[in-house]
Structures are given as C-alpha cells and as structure tokens.
Amino acid sequence: IQPTPLFRSLRLDVGEDDGVRLGAGVISHDGAIGRVAALGKNSADVMLVVDASSSIDVLVQRTRAHARVRGGGGDQNLSLELQYVPRTADIDPGDLLITSGVGTLFPKGLPVGRVSTVERRAFGLYQQAAAEPVVDFGHIEEVFVLRGDIAEGTSLEPALSSAQGDN
C-alpha cells in the first residue's frame with residue numbers, strides 16, 4: 001500500500017502486455033479491492049476502494065437500500081464513507097455492503113464493507129454512515145483483474161450467498 005494518505009494503491013506485476021486494461025475492476029476472494037488507475041506494459045497500479053478518490057455504488061444486502069461508498073483516505077484511515085443513504089433507509093451497524101452492479105466495473109453482489117456507524121438525522125435528505133472494508137488491505141497476496149466490461153445486471157450474489165453460508 002502506498003504510504004501517502006490521499007492515494008491508496010498497490011502495484012501489480014501484470015500490465016498491458018498481459019491484457020490488463022485501464023479502469024478494470026480488481027477483486028480478491030474477500031471482495032472488491034479497487035480499479036486499475038495506471039497501466040504500464042508489465043505493471044498496473046490499482047486505486048483501492050479506501051482511496052479518497054474512489055467511489056462505488058453499493059447495496060445494503062439485508063434491505064437492498066442503495067448508497068455510494070467513498071474511500072475515507074485519512075492518514076491512518078482505511079475506512080469507507082457512505083454517501084447518499086436516504087434518511088428513511090433501513091441501515092444498521094453490521095450490515096454487509098455489496099456492489100450494486102450499476103455500471104460495468106464490478107458485477108452485482110461482491111462484498112465491499114460492513115457498516116460500522118450510522119447517524120440518523122431528524123432533518124435532511126440523507127443519513128451519515130461509515131463502514132469498514134471487508135478486504136484486509138495489509139494482507140493481500142493474490143488479486144483477480146476483471147477482464148472486459150461487466151454486463152450491467154450481472155450478479156454473483158446467489159453464488160456468494162451459498163459459498164458464505166448465507167452470512
């Protein structure tokens with residue numbers, strides 16, 4: 001992981017010569033890691049989901065509430081901030097956040113994080129919430145680079161639920 005607090009990245013030993021494309025999603029067996037932000041012939045830099053410039057559409061798995069996750073980007077902070085969570089949405093600490101499948105970066109159903117705090121406000125359009133990523137960024141050994149665009153609506157959710165014992 002890069003030491004700068006605002007740009008969280010990792011370098012892969014594969015690149016353009018290996019078929020990696022700029023903007024490709026990167027995942028591990030635990031969940032979403034980030035996207036290819038820079039590309040060389042034999043290497044690729046991945047902007048992690050905890051980077052302050054990273055943003056992903058997610059669903060609260062339990063309630064199907066939509067939100068957007070942005071990286072916390074702080075100095076010692078590898079957390080996620082939830083944005084655009086409607087004030088009336090049912091969301092609680094411990095809820096699993098999964099990719100929504102909107103767009104072509106990630107298929108629907110990949111784990112992204114677990115809600116850690118929720119601040120419900122009496123007024124306004126949105127709630128404040130934070131989450132912890134499901135991926136342990138300090139112990140990444142292997143990643144998968146998604147090749148090609150993911151068709152919108154593609155879902156891994158049923159397969160993941162079965163594999164994880166419906167946790």
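This report walks through the strands, two buried residues and a pocket of a predicted model.

## The closed barrel

Let's start with the barrel. Six strands close up into it in the order S5-S6-S7-S10-S9-S8, and their pairing is antiparallel. Neighbouring strands in this sheet are turned against each other by 40° on average, with direction ignored.

You can follow the barrel from strand to strand. Strand S5 covers residues 55–60. Strand S6, residues 66–71, and strand S7, residues 80–86, are paired in the antiparallel sense over four bridges. Look for Gly71 here: its bridge partner in S7 is Leu80. From S7 the path goes on to S10, with five bridges in an antiparallel pairing. Here Glu81 has Ala130 in S10 as its bridge partner.

## Closing the circle

Next comes strand S9, residues 111–119, which runs antiparallel to S10 and is joined to it by six bridges. One of the bridge pairs to find is Glu119 with Gln128 in S10. S9 and S10 also make a hairpin, with six residues between the two strands. In the turn sits Gly124, whose phi is positive, at about 100°.

Which strand pairs with both S9 and S5? S9 pairs with S8 over three bridges in the antiparallel sense, and S5 pairs with S8, residues 96–99, also antiparallel and over three bridges. Ile98 is a handy residue to look for in S8. On one side, Leu59 stands opposite Ile98; in S9, the bridge partner of Ile98 is Pro111.

## Two faces of one strand

In a regular strand, side chains alternate between the two faces of the sheet. Strand S10, residues 126–133, lets you see two such sets. Which residues make up its covered face? They are Gln127, Ala129, Ala131 and Pro133. The uncovered face holds Tyr126, Gln128, Ala130 and Glu132. Two of the bridge partners you have already met, Ala130 and Gln128, are on that uncovered face.

## The open sheet

The model also has an open sheet. Five strands form it in the order S1-S4-S3-S2-S11, with antiparallel pairing. Its edge strands are S1 and S11 (144–145), each of which pairs on one side only.

At the S11 end, two bridges join S11 to strand S2, residues 25–27, and the two strands run antiparallel. Within this pair, Val26 stands opposite Val145 in S11.

## Two buried residues

Is Arg8 buried or exposed? Arg8 has a relative accessible area of 6%, so it counts as buried, because the cut-off for buried is under 20%. Arg8 lies in the segment before strand S1 (9–12). Arg8 and Ser53 are 45 residues apart in sequence, while their C-alpha atoms are 9.1 Å apart in space.

Ser55, found in strand S5, has a relative accessibility of 11% and therefore counts as buried too. What joins the side chains of Ser55 and Arg68? The two side chains share a polar contact of 2.6 Å.

## The largest pocket

Finally, take a look at the largest pocket, which has a volume of about 170 Å³. Eleven residues line this pocket, and the closest to its centre are Leu10, Leu12, Ile140, Glu141 and Val143.

What kinds of residues make up the lining? By class, seven are nonpolar and four are charged, with no polar residues in the lining.

Methods
Residues numbered from 1 in each chain as written. Predicted model: local features only at pLDDT ≥ 70, side-chain atom pairs only at ≥ 80, totals over all residues. Heavy atoms only, no water. Buried < 20%, exposed > 50% of the residue type's maximum accessible area, 1.4 Å probe, protein only. 1 Å grid on protein atoms, 1.4 Å probe; cavity = no way out; pocket = protein on both sides within 12 Å on 5 of 7 lines; lining within 4 Å. Points joined across faces, edges and corners; volume = space filled by probe spheres on them. Nonpolar A, V, L, I, M, F, W, Y, C, P; charged D, E, K, R; others polar. Pairing = 2+ DSSP bridges. Axes fitted to C-alpha atoms, helices over the stretch in contact; angles between N-to-C directions. Polar contact = N/O pair within 3.5 Å; in protein donor to acceptor, adjacent residues only side chain to side chain.
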